[in-house]
Amino acid sequence: MSEKFTTIAASGMDTATAYRLLCGIVTPRPIAWITSISEAGVVNAAPFSSYNYVAHSPPMLAINIGSRSGGLKDTARNIQSVKEFVVNVATVDNMETMHRTSAEFGPDASETEALGIELLPSDLVRPPRIAMSPVQMECRLSQVVTLGRLNTLYIGEVVAFHLSNDVYDGRHVDSVKMQPVARLGGPFYASLGEIFERPILQTPPVGNKA
Ligand SMILES: Cc1cc2nc3c(=O)[nH]c(=O)nc-3n(C[C@H](O)[C@H](O)[C@H](O)COP(=O)(O)O)c2cc1C
C-alpha cells in the first residue's frame, strides 16, 4: 500500500494550526445565526458554526464561542447576562446577510439595525427572531462549560420552535426545502449536495412526554 499520512502530535500545537485543522476536518458544519440582546436592549446577530443539537429531552443546542482578544464576543456577553438567545437557521437565501453579521460591530452597535435585518418578536425570550430565516429556535441558557484556554460552550434549552410552513408539513422539516448553508474550512460555504436514502436500522427515540 502506498497510502501516506502526515501525522502531527496535537500536544503543544499552536492554536492557529489546531483551529485550521479542525475547521477543515469537521465539515460541513451547520450554522447557528444567533440573535441575542444586551441588558441595554441592543440586538446583536452573529453566526456560529461550532454548533449542534446535543439533547432531545428536553431539546438542547450547544454553541462554542471563542474569546476575542482575551475578552468576550458580544453574543457570549449577552447570553451570559440575559441567559436567553435565539438560533436562526442559516440558509442559501440568507447567507450574504448572515455572513455580513460576522464583522466586528462594537457592543453598542446593532448588526440587525445596521444591516436592516427584519426581526420578529419571540414568544418566551427577550431576543427577537430573524424573519428571513425559515426556522428559529428560542433558547434559555442551561449550562456554560469552559473548554480549555479559549473556548466556552453555551448549552441552551429550546423553549419554542418557529417553523415556516414552506419547510414544515406538521411532522417533518424538509431539509432540502430549508436549504441550510454549511461552513467549511477557510472562507468557504456549502449547500446540500446529493441526498442518499437508506432504511432506518435502529429503534427511533420513544415518543413519551418529557
Ligand atoms: C460562518 C461563520 C461561522 C462562525 N462560527 C464561529 C464559532 O463557532 N465560534 C466563534 O467564536 N466564532 C465564530 N465565527 C466568528 C463570529 O461570527 C465573529 O467573531 C463575530 O464577530 C461575533 O460577533 P459578536 O461579537 O457580535 O458576538 C463564525 C463566523 C462565520 C462567518
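Hi everyone, let's start with a lysine. K83 has 16 C-beta neighbours inside 10 Å, so K83 counts as partly exposed. Before I go on, please keep in mind that this is a predicted model.

Where does K83 sit? It is in the loop between helix 2 and strand 6. Its backbone is worth a look too: K83 is not a glycine, yet its phi is positive, about 65 degrees.

Now step along to strand 6, which covers residues 84-89 and includes E84. Is E84 buried or exposed? E84 has 21 C-beta neighbours inside 10 Å, and buried begins at 20, so E84 counts as buried. Who are its contacts, once we leave out residues up to four places away in sequence? E84 touches V125, R126 and P127, and also C139, R140 and L141. There is one more pairing to find on your screen: T35 is 49 residues from E84 in sequence, while the C-alpha to C-alpha distance between them is 9.3 Å.

Let's go to the other positive phi on my list. S69, again not a glycine, has a phi of about 45 degrees. You can find S69 in the loop between strand 5 and helix 2. With 5 C-beta neighbours inside 10 Å, S69 counts as exposed, because the limit for that label is 12 or fewer.

Next, the cis peptide bonds. One of them joins T27 and P28, with omega at about -10 degrees. P28 belongs to the loop between helix 1 (15-25) and strand 1 (29-30). Another runs from S57 to P58, and there omega is near 0 degrees. P58 is in the loop that links strand 4 (51-56) and strand 5.

Finally, the ligand. There are 17 residues around it, and the ones that come nearest are A46, S50, D74, T75 and S102. Which elements give two or more residues to this shell? They are strand 3 (43-48), strand 5 (59-66) and helix 2 (74-82). Strand 3 gives the most, with four residues. As for the chemistry of the shell, eight of its residues are polar, five are nonpolar and four are charged.

If you would like a route through the model afterwards, try starting at the ligand with strand 3, which contributes four residues to the shell. Then take helix 2, another contributor, and follow the chain through the loop holding K83 to E84 in strand 6. Thanks for listening, everyone!

Terms used: Residues are numbered from 1 along each chain as its sequence is written. This is a predicted model: local features need pLDDT of at least 70, side-chain atom pairs count only at pLDDT 80 or more; totals for chains, interfaces and linings use all residues. A residue is near a molecule or strand if its C-beta atom, placed from the backbone, lies within 6 Å of it. Ala, Val, Leu, Ile, Met, Phe, Trp, Tyr, Cys and Pro count as nonpolar, Asp, Glu, Lys and Arg as charged, and the others, Gly among them, as polar. Two residues are in contact if their C-beta atoms, placed from the backbone, lie within 7 Å.
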